[in-house]
Amino acid sequence: MMRGHAEARAAVGLPPLAWSDTLAASAQGYADEMARTGRYVHAVQPMDRTRQGENMWRGIRGVYRYDEMVGSWVAERRDFVNGPTPNFSRTGRWRDAAHYAQVVWRGTTAVGCAMASNGTDDYLVCRYAFPGNVVGQRAY
């Protein structure tokens, strides 16, 4: 996970992210919840300074490696343009490049990731400080 983030950021001239145990613990709690409930939706978070950025991934249990998981986010670069959020996708749909934008968000300095599984799926959550995809701002 860290290598995938670092390589994507280096490709656009940004420093690597620091690992955060606090963010990883937060990510673990939410990954556990999704695995338990089977609900794959972004966490409800406060709209204040405690808000964390969030990337999620779900796939068939035990089939995918971490580099493939983060690679799916980084692959969104093909649709990314560095316009102000939410206008950062060539397709006109911000969701097509939002994971990548969070990975390369200039103001983000730390990440923590965790995974949980149920009988059929793996759920990966990465949490970021400071959150990216801020309306009106560019990723870098």
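Me: Two strands count as paired if DSSP finds at least two bridges between them. With that rule in hand, how many bridges join strand E2 to strand E4?
Reply: A word on the source first: this is a predicted model. Here, eight bridges join E2 to E4, the latter covering residues 121-129, and the two strands run antiparallel. As one point of register, Ile60 stands opposite Asp121 of E4.

Me: Is strand E2 largely enclosed or left open by the rest of the structure?
Reply: The reading rests on a cut-off: a residue is buried when its relative accessible area is under 20%. Strand E2 spans residues 53-60, and six of its eight residues are buried, so the strand is largely enclosed by the rest of the structure.

Me: How should I read aromatic contacts, and how many aromatic pairs does a search of the whole structure find?
Reply: Ring centres must lie within 6.5 Å, and the angle between the planes then sets the class, with values from 30 to 60 degrees counted as tilted. The search of the whole structure finds five such pairs. In one of them, Tyr40 and Tyr123 have ring centres 6.4 Å apart and planes at 50°, so this pair is tilted. Tyr40 belongs to the loop between helix H2 (21-37) and E2, whereas Tyr123 belongs to strand E4, so the contact ties together parts 83 residues apart in sequence.

Me: Which of these two rings is buried, and which is partly exposed?
Reply: Tyr123 has 1% relative accessibility and counts as buried. Tyr40, with a relative accessible area of 31%, is partly exposed.

Me: Which residues do ring pairs link into a cluster?
Reply: The cluster consists of Phe80, Phe88, Tyr100 and Tyr140, linked through ring pairs.

Me: What is a disulfide in general terms, and which cysteines form one here?
Reply: A disulfide is a covalent bond between the sulfur atoms of two cysteines. In this structure the count comes to one disulfide. Cys113 and Cys126 form it, with their sulfur atoms 2.0 Å apart. Cys113 sits in strand E3 (residues 110-117) and Cys126 in strand E4, so the bond ties together parts 13 residues apart in sequence. Both Cys113 and Cys126 are buried.

Me: Why is the disulfide of Cys113 and Cys126 assigned a handedness?
Reply: The torsion about its S-S bond is about 105°, so the disulfide is right-handed.

Me: Where does UniProt place an annotated domain?
Reply: An unreviewed UniProt entry places the feature "domain: SCP" at residues 1-136. In the model this span is 30% helix and 20% strand, and its end C-alpha atoms lie 28 Å apart.

Conventions: Residues numbered from 1 in each chain as written. Predicted model: local features only at pLDDT ≥ 70, side-chain atom pairs only at ≥ 80, totals over all residues. Heavy atoms only, no water. UniProt positions renumbered as here; feature names shortened; annotations may be inferred. Helix = DSSP H or I, 4+ residues; strand = E, 2+ residues; numbered from the N terminus. Buried < 20%, exposed > 50% of the residue type's maximum accessible area, 1.4 Å probe, protein only. Phe/Tyr/Trp six-rings, centres within 6.5 Å; stacked < 30°, edge-to-face > 60°. Disulfide = S-S within 2.5 Å.
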